[in-house]
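Take a look at the chain below. This report walks through some of its charged pairs, its strands and its confidence values.

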Amino acid sequence: MNLFGMEDLSALDRSEIARRQLNNLLTSYADEADLFNEVVQNALDSVISAEERGLYTGEVEPMLTIIVGRRPESFHYLFVGDNGTGMSPDIAKNLTVPGYSAAKKKGKTLGYKGVGASYFFAASRRISLRTEDELGQSTQYTVRGSFSWIKDPEEPAPIIDEEFDVPDIVNAKFPAGRGTGLLYQFHEGVHPRSLDSLVIVGDGPERE
């Protein structure tokens with residue numbers, strides 16, 4: 001994948017240029033409400049688009065899955081999934097490029113700022129994505145260590161794994177199929193830092 005748009009830069013400049021861009025990007029959102037609004041709105045837009053195009057047939061209905069939880073090691077996370085249009089492999093691999101917006105290419109503006117996905121990947125301790133488009137093409141990956149590297153160039157570069165690393169409750173409530181699922185694990189250096197009143201702890205029962 002083209003992580004943060006660095007693929008086409010020279011080896012000499014790519015790391016520092018991308019790191020500076022992303023460090024500036026981390027000031028784009030004023031509070032945690034912006035972060036929640038962006039990712040939920042994107043999922044909603046995908047469901048609306050799928051419904052407008054007649055992609056829901058039979059017993060399949062539009063659905064959003066939202067989970068706020070905490071893993072046993074106490075890292076908070078937000079998972080948002082949908083069974084909308086999904087993303088093609090080309091779009092999925094470019095999600096981290098600063099300013100990239102698949103919605104702009106489709107003529108949509110609602111919920112897309114063009115920096116949203118880049119911010120999520122930049123500000124995360126770990127982030128996992130799984131998506132499947134209308135053709136059944138699926139893409140999944142997990143990126144670790146972005147925030148630490150952006151804030152300190154001496155830190156190791158982000159690590160990319162071709163896996164969808166999520167808690168058991170996410171796999172149980174978000175089955176494979178068309179649509180997109182994104183799990184964002186908060187870094188303690190950015191908001192929101194604590195969601196204790198909302199979380200599902202570990203893989204235990206949900207709170208009302």
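D165 and R144 form a salt bridge in this predicted model, with their closest N and O atoms 2.6 Å apart. D165 sits in the loop between strand 5 and helix 7, while R144 belongs to strand 4, so the pair ties together parts that are 21 residues apart in sequence. The story does not end with two residues. Salt bridges with shared partners join R126, R144, D161, E163 and D165 into one network. In general, side chains of opposite charge can pair when their charged atoms come close.

Here are three of the pairs.

| Salt bridge | Closest N to O distance |
|---|---|
| D165 and R144 | 2.6 Å |
| R144 and D161 | 2.4 Å |
| R126 and D165 | 3.9 Å |

A search of the whole structure finds five salt bridges. R126 and D165 link distant parts of the chain: R126 is in strand 3, D165 is in the loop between strand 5 (159–161) and helix 7 (168–173), and 39 residues separate them. The side chains of R144 and D161 also meet in a salt bridge. That pair connects strand 4, which holds R144, with strand 5, which holds D161, across 17 residues.

How buried or exposed are these partners? R126 has a relative accessible area of 7%, so it is buried. D165, at 21%, is partly exposed. R144 is partly exposed at 23%, and D161 is partly exposed at 26%.

Now compare a charged residue without such a partner. D133 is buried yet has no salt bridge. Which side chain of opposite charge is nearest to D133? It is R178, 8.6 Å away. A salt bridge needs the nitrogen and oxygen within 4 Å, so that distance does not qualify. D133 does have a polar contact: its side chain joins that of Q137 at 2.8 Å. D133 lies in the loop between strand 3 (124–132) and strand 4 (138–144). Leaving aside residues up to four places away in sequence, D133 touches T85, G86, M87, S88, P89 and R178.

Next comes strand 6. Eight of the eight residues of strand 6 (residues 179–186) are buried, so the strand is largely enclosed by the rest of the structure. In a regular strand the side chains alternate between the two faces of the sheet. Here G179, G181, L183 and Q185 point one way, and T180, L182, Y184 and F186 point the other way.

Strand 6 has partners too. Strand 2 (residues 76–82) runs antiparallel to strand 6 and is joined to it by six bridges. Within that pairing, L78 has Y184 as its bridge partner. Strand 3 also pairs with strand 6 in the antiparallel sense, over eight bridges. There, L129 stands opposite L182.

Step back to the whole chain. It has seven helices and seven strands. Of its 208 residues, 47% count as buried. One of the buried residues is L22, at 0% relative accessibility. L22 is in helix 1 (residues 14–25). L22 and S118 are 96 residues apart in sequence, yet their C-alpha atoms are 7.7 Å apart in space.

How confident is the predictor? The mean pLDDT of the chain is 77, and 67% of the residues reach 70 or more. Confidence is highest in strand 4, at 94, and lowest in helix 4 (residues 102–105), at a mean of 50. Over residues 104–114 pLDDT stays under 50. Residues 204–208 also stay under 50.

Technical notes
Residues are numbered from 1 along each chain as its sequence is written. This is a predicted model: local features need pLDDT of at least 70, side-chain atom pairs count only at pLDDT 80 or more; totals for chains, interfaces and linings use all residues. Side-chain values use heavy atoms; hydrogens and water are left out. Helices (H or I, at least four residues) and strands (E, at least two) are DSSP runs, numbered from the N terminus. Buried means under 20% relative accessible area, exposed over 50%, partly exposed in between (1.4 Å probe, protein chains only). Lys and Arg count as positive and Asp and Glu as negative; His and the chain ends are not counted. A polar contact is a pair of N or O atoms within 3.5 Å; within protein, one must be able to donate a hydrogen and the other to accept it, and residues adjacent in sequence count only if both atoms are side-chain atoms. Contact means heavy atoms within 4.5 Å. pLDDT is the predictor's confidence in each residue, from 0 to 100. Two strands pair if DSSP finds at least two bridges between them.
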